[in-house]
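User: Please walk me through this fold. Keep the answers short.

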Amino acid sequence: MSAERSWGHRKGLIFGSGTEWSEQRKFAISAFKSLGFGTSRAEKEVLDEVIQLNKLLEKDVGVPISVNQKFHVAVINTLWHIVAGSRFEYDDPDLHTLIRMTGHVVRFRSLDSDSFMPNILFFMPWLTRLAPKLSGWDNFLASFVAIFPVLQRFIDEHKKSFDPNSPRDLIDIYLQKIANTDDKDSSFFGELGEKSLLIVLLDLFVAGGETASSNLTWGFLFLASYPEAQAKAHEEIDRVVGKSRLPSVADRPKMRYTEALINEVLRMVTIGAMSIFHSTTEKISNFHGYTLPKNCIVFGNLWEVHHDPGLWGDPENFRPERFLENPDASVYVFSTGKRVCPGESLARDELFLFTCGLLQRFKFELDPASRAPCLDPMRAAVLRSHDAKLILRPRY
Ligand code: HEM
């Protein structure tokens, strides 16, 4: 089913496989590095968005606001600067089409979903052909019909102003590679190369947007629900960063409580609880006493890793201090191994800078007129929070 989104072939980063996947992954990672991923350039892009977001939130102080999806545009913009050299305006209709449609895609098929249909499709994929409308399959495919023209426009615009000697962003670096590839078997060759680029853009939008932005939403819900933890983070931010400058990645080693807090939110929520589903490429004998046949579905149960009482003692409690008491404790929310998330360093910078940048300006409180937010996730491929309202108070 993961091939249906890309013309019957398993293309791109998330669902790609074999040589094509390793070729695309290696290239995307090296392109990101050459564009300053994990350096001061990425930091600057994030901080620009912190400033924009703070301005936007200032208009909302004192009234209950929904924090779901509040951070999506800011998070996408930091990535889009590096990918396409531009940012979206908060009310850009194309952006909202992309967010809505990629949201459908993320929620459509997941073993972990609360809804009956995605679950059953996982075990009976043939239902999509038997009952395409009823199974939601038609809608799933229609999402791509809406997504692709928007992403293709970015590629077309870049082609018009492309200078092969001076690539500006990820799209230009890809176009350069496509122009220089004459090996017909390469996933960068000609028209197919451009299709690979389109799917990579989709993958980055989905993987880099919903995950980090939902994690931020979760973070502020936990902070409002645990005001004593928020007070400790405020104290640390005031002491290390102060009020006259923005936080910086260089502050991280000095902000052990805030780091612990971010890790505890990552652990509690484990946003990609079941990781991404993969399959064995050959028979594996004696894997911890089991034989896995070829094409057997495998996935990392990251939720279990983060909620095992044997490892964490009291995994059900929100307790950032556990990371201070045990400096060796680490979270595996970005998975591990060959398919480990390539966006970890950007995501960690985003979580740190957005959390500190917003806490520097605001206090997040529960809305006394609404029910306390439910801190159990809605089940889907990316674990979102239920809709919840918070009140922001300016700190100075
Ligand atoms: C808090 C934020 C994030 C979390 C928790 C997260 C988590 C994950 C997880 C669990 C996987 C699956 C790994 C596996 O298959 O075992 C993954 C894959 C991936 N992530 Fe992230 N991610 C985050 C942010 C990002 C960002 C910002 C980007 C963009 C650069 C990104 C790009 C990707 C891609 C492209 C893959 C597929 C990699 C592959 O299969 O080769 N992620 N992520």
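The turns below go from the overall build to the sheet, the ligand shell and a helix pair.

Analyst: This is a predicted model, in which local features need pLDDT of at least 70, side-chain atom pairs count only at pLDDT 80 or more, and totals for chains, interfaces and linings use all residues. Residues are numbered from 1 along each chain as its sequence is written.

User: How many helices and strands does the protein have?

Analyst: Both are DSSP runs, numbered from the N terminus: helices are H or I with at least four residues, strands are E with at least two. On that basis the protein has 15 helices and seven strands.

User: What radius of gyration does the protein have, against that of a compact globule?

Analyst: The radius is taken over C-alpha atoms, and the globule rule is 2.2 Å times the number of residues to the power 0.38. The C-alpha atoms fill a box of roughly 60 × 55 × 40 Å along the principal axes. For 396 residues the rule gives a value near 21 Å, so the protein agrees with it at 22 Å.

User: Which strands stand at the edges of the open sheet, and why?

Analyst: Strands pair if DSSP finds at least two bridges between them. Three strands form the open sheet, antiparallel, in the order E1-E7-E6. Each edge strand has a single partner, so one side of it has no neighbour in the sheet; these are E1 (64–66) and E6 (362–366).

User: Which residue of E7 is the bridge partner of Glu365?

Analyst: E6 and E7 (residues 389–394) pair over five antiparallel bridges. On this side of the sheet, Leu366 stands opposite Leu390 in E7. For Glu365, the bridge partner is Ile391.

User: Which residue of E7 stands opposite Pro64?

Analyst: E1 and E7 are joined by three bridges, again in the antiparallel sense. Opposite Pro64 stands Ile391.

User: Which helix packs on the sheet, touching E6 and E7?

Analyst: Contact here requires C-beta atoms, placed from the backbone, within 7 Å. Axes are lines fitted to C-alpha atoms, for helices over the stretch in contact, with angles from 0 to 180 degrees between N-to-C directions. The helix direction makes about 75° with that of E6, and the helix is H9 (residues 190–225).

User: Which helix gives the largest share of the shell around the ligand?

Analyst: A residue is near the ligand if its C-beta atom, placed from the backbone, lies within 6 Å of it. Of 25 residues, Ala207, Gly208, Ser335, Cys341 and Gly343 come nearest. H9 and H15 (344–361) each supply at least two residues of the shell. The largest share, seven residues, is from H9.

User: How many residues of the shell are charged?

Analyst: Ala, Val, Leu, Ile, Met, Phe, Trp, Tyr, Cys and Pro count as nonpolar; Asp, Glu, Lys and Arg as charged; the others, Gly among them, as polar. The shell has 14 nonpolar and eight polar residues, and the charged ones number three.

User: At what angle do the axes of H2 and H15 cross?

Analyst: Residues of H2 including Val46, Leu47 and Val50 meet a set in H15 that includes Leu353, Phe354 and Gly357. The contact divides into eight nonpolar, two polar and four charged residues. The axes of H2 (residues 40–58) and H15 come within 10 Å, and the crossing angle is roughly 35°.

How values were computed. Contact = placed C-beta atoms within 7 Å.
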